[in-house]
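This briefing describes one protein chain for a reader who has the sequence and the structure at hand. Please look at the structure first, then read the points below.

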Amino acid sequence: MGRGRFKAKPTGRRNFSTPEEMVAGSSARPRTFKQVQQEEAEHSEEEESEESGGETEQETEKKKGILDISEIQNPNLAKPKNVKARAVDVESTPELSRREREEIERQRAHERYMRLQEQGKTEQARKDLERLALIRQQRAEAAKKREEEKAAKEQKKAEARK
């Protein structure tokens, strides 16, 4: 008869470890990858402590293959930086990435250009001012012409009434 409320299936039987097994550390559960790594690390530390008694440091730090010849610095390797609050340098500015630097330069150049544009010192501003002066002149001439035509119409009406 199966344990629990659900119908037992051949592939999904649940096995619970008893408190005695848990205390003894011999539960039926398989070890996880992290547990295996921890055990290996403990064994290697024990071996190093036993061997370090008569050997020099150079022999224990031997690297395999080309790593023995040259040391590689991987720029993509993110090293965790644990900085304490009192050790943080507040005045130092963080290094900007290339994209951030280019974006800031682009914004400054645009602001500089707009300032010159307002002052009328750029080529485009000069052309715009010339066009604006020409348009104002044409509008003034058109307004004069309309006034003259209006005055001429009123004169004709005044003559027609007499």
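The side chain of Thr122 reaches the backbone nitrogen of Ala125, at a distance of 3.2 Å. The model in which this contact is found is a predicted one. The points below begin with Thr122 and then turn to the chain as a whole, the salt bridges and a charged patch on the surface.

**Thr122 and its surroundings**

- Thr122 sits in the loop between helix 4 and helix 5.
- Is Thr122 buried or exposed? Its relative accessible area is 9%, and Thr122 is therefore counted as buried, the limit being under 20%.
- The contact made by the side chain of Thr122 is with a backbone atom, namely the nitrogen of Ala125.

**The chain as a whole**

- The chain contains five helices and zero strands.
- Followed along the sequence, these elements give the pattern α-α-α-α-α.
- The chain has 162 residues, and buried residues make up 2% of them.
- About 17300 Å² of the chain is accessible surface. Carbon and sulfur atoms account for 50% of that surface.

**Salt bridges in helix 4**

- How many salt bridges does the structure hold? There are four, and three of them are described in this briefing.
- As background, side chains of opposite charge can pair when their charged atoms come close.
- One of the salt bridges joins Arg98 to Glu102, with 3.3 Å between the closest N and O atoms. This pair counts as a salt bridge because 3.3 Å is within the 4 Å cut-off.
- Both Arg98 and Glu102 belong to helix 4, which covers residues 98-119. They are four residues apart, or about one turn of the helix.
- Arg98 has a relative accessible area of 48% and is partly exposed. Glu102 is also partly exposed, at 33%.
- Another salt bridge is formed by the side chains of Glu103 and Arg106, with an N to O distance of 2.7 Å.
- Glu103 and Arg106 are three residues apart in helix 4, about one turn of the helix.
- The side chains of Glu103 and Arg106 are also listed as making a polar contact, at 2.7 Å.
- How accessible is Glu103? Its relative accessible area is 34%, so Glu103 is classed as partly exposed.

**A salt bridge in helix 5**

- Arg131 and Asp128 meet through their side chains in a salt bridge, at 3.2 Å from N to O.
- Helix 5 spans residues 123-161 and holds both partners. Because Arg131 and Asp128 are three residues apart in this helix, about one helical turn separates them.
- Asp128 is partly exposed, and its relative accessible area is 30%.

**A negative patch on the surface**

- Which residues form the negative surface patch? The patch consists of Glu42, Glu45, Glu46 and Glu47.
- Glu42 lies in helix 2, which runs over residues 33-51.
- With a relative accessibility of 47%, Glu42 is partly exposed. This value fits its place in the patch, because patch residues need over 30% relative accessible area.

Terms used
Residues are numbered from 1 along each chain as its sequence is written. This is a predicted model: local features need pLDDT of at least 70, side-chain atom pairs count only at pLDDT 80 or more; totals for chains, interfaces and linings use all residues. Side-chain values use heavy atoms; hydrogens and water are left out. Helices (H or I, at least four residues) and strands (E, at least two) are DSSP runs, numbered from the N terminus. Buried means under 20% relative accessible area, exposed over 50%, partly exposed in between (1.4 Å probe, protein chains only). Patches are made of residues with over 30% relative accessible area and no salt bridge: like charges are joined within 9 Å, nonpolar side chains (Val, Leu, Ile, Met, Phe, Trp, Tyr) within 5 Å. Accessible areas come from the Shrake-Rupley method with a 1.4 Å probe; for residues, only the protein chains shown count as cover. Lys and Arg count as positive and Asp and Glu as negative; His and the chain ends are not counted. The place of a charge is taken as NZ of Lys, CZ of Arg, CG of Asp or CD of Glu. A polar contact is a pair of N or O atoms within 3.5 Å; within protein, one must be able to donate a hydrogen and the other to accept it, and residues adjacent in sequence count only if both atoms are side-chain atoms.
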